[in-house]
Amino acid sequence: MIRNANTFVLCVTSVSATGYETISYGANPPCGKFGTSPGGDPGDPGDPTVPFDLSVEKVQKGRNYRAKVNWQGGAAQVDIFRSQGADLLGVDNNGSYTDNLGKTPSGSYEYTVCNTGFDECVGPGSISFP
């Protein structure tokens, strides 16, 4: 039972001979067995529809800070979720996204990349600012 909660995430994952299946409640982005596809090994690079690697790096250009999110694999379009605000849905998958965080970002930023319309995700990857 969840009481007096402003937000919650519940992830239920089942395992079978054909792979993983995850059901998400209250999750944005959806929960998932990151980097694993039904019938494949974790992070199987032979399956082009499943992201299997993610990195986030802090970049400073002039006075602005940016988060550079890089991933390998995935479907033709992906959804990119950031813990602090802006979600990007249906982005062409070119394996990289640069998020301009401005001159004085603070706190932690977590990024998750998911195949558009699917539960296959990779992440979260994070960076922090003092």
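D99 touches Y65, R66, A67, R82 and Y111, leaving out residues up to four places away in sequence. That's a good way into this structure, which is a predicted model. D99 lies in strand β7, and the notes below start there, then move out to the sheet, the core and the chain as a whole.

**D99 and its polar partners**

- D99 has a relative accessibility of 8%, so it counts as buried, the cut-off for that being under 20%.
- One polar contact of the D99 side chain goes to the side chain of R82, at 2.7 Å.
- Another goes from the D99 side chain to the side chain of Y111, also listed at 2.7 Å.
- If you'd like a backbone distance too, the C-alpha atoms of D99 and A86 are separated by 9.7 Å, and these two residues are 13 apart along the chain.

**R82, on the other end of that contact**

- Where does R82 lie? You'll find R82 in strand β5, which covers residues 77-82.
- Is R82 buried or exposed? R82 counts as buried, because its relative accessibility is 17% and the cut-off is under 20%.
- Besides meeting D99, the side chain of R82 reaches the backbone oxygen of Q84 at 2.5 Å.
- Skip the neighbours within four places in sequence, and R82 is in contact with D87, D99, L101, Y109, E110 and Y111.

**The three-stranded sheet**

- D99's strand, β7, belongs to an open sheet of 3 strands, and their order is β3-β4-β7.
- The pairing in this sheet is antiparallel.
- Why is one side of β3 and of β7 left without a neighbour in the sheet? Both stand at the edges, β3 with residues 53-61 and β7 with residues 96-102, and each has a single partner strand, so one side of each has no neighbour there.
- On average, neighbouring strands of this sheet are turned by 20° against each other, ignoring direction.
- How many bridges pair β3 with β4? There are 9 bridges between β3 and β4, which spans residues 64-72, and the sense is antiparallel.

**V56, a spot to check on β3**

- V56 is found in strand β3 and stands opposite V69 in β4.
- The C-alpha atoms of V56 and V69 are separated by 4.5 Å, although the two residues are 13 apart along the chain.
- V56 is buried, because its relative accessible area is 16% and anything under 20% counts as buried.
- Apart from neighbours within four places in sequence, V56 is in contact with A67, K68, V69, Y111, G125, S126 and I127.

**The largest nonpolar core**

- In soluble globular proteins, nonpolar side chains tend to be buried together.
- Here, the largest nonpolar core has 14 residues.
- Which residues have the most contacts inside this core? They are V69, W71, L101, Y111, V113 and I127.
- Strands β3, β4, β5, β8 (107-115) and β9 (121-129) each supply at least two residues of this core.
- L101, one of those with the most contacts inside the core, is in contact with Y65, R66, A67, R82, Y109, Y111, I127 and F129 when neighbours within four places in sequence are set aside.
- Y111 is worth a second look: it is on that same list for the core, and its side chain also makes the polar contact with D99.

**N94, out in a loop**

- For a contrast with D99, try N94, which lies in the loop between β6 (88-92) and β7.
- N94 is exposed, because its relative accessible area is 62% and the cut-off for exposed is over 50%.
- A polar atom of the N94 side chain lies 3.0 Å from the backbone nitrogen of S96.
- N94 and N70 are 24 residues apart along the chain, and their C-alpha atoms are separated by 9.1 Å.

**The whole protein**

- The secondary structure comes to 0 helices and 9 strands, so reading from the N terminus the elements simply run β-β-β-β-β-β-β-β-β.
- Of the 130 residues in the protein, 32% are buried.
- The protein exposes about 7,900 Å², and carbon and sulfur atoms supply 49% of that.
- Take the contacts between residues at least 6 apart in sequence: 47% of them join residues at least 24 apart.

How values were computed. Residues numbered from 1 in each chain as written. Predicted model: local features only at pLDDT ≥ 70, side-chain atom pairs only at ≥ 80, totals over all residues. Heavy atoms only, no water. Pairing = 2+ DSSP bridges. Helix = DSSP H or I, 4+ residues; strand = E, 2+ residues; numbered from the N terminus. Axes fitted to C-alpha atoms, helices over the stretch in contact; angles between N-to-C directions. Core = buried A, V, L, I, M, F, W, Y, C linked by side-chain atoms within 4.5 Å. Buried < 20%, exposed > 50% of the residue type's maximum accessible area, 1.4 Å probe, protein only. Contact = heavy atoms within 4.5 Å. Areas by Shrake-Rupley, 256 points an atom, 1.4 Å probe, with all protein chains shown as cover. Polar contact = N/O pair within 3.5 Å; in protein donor to acceptor, adjacent residues only side chain to side chain.
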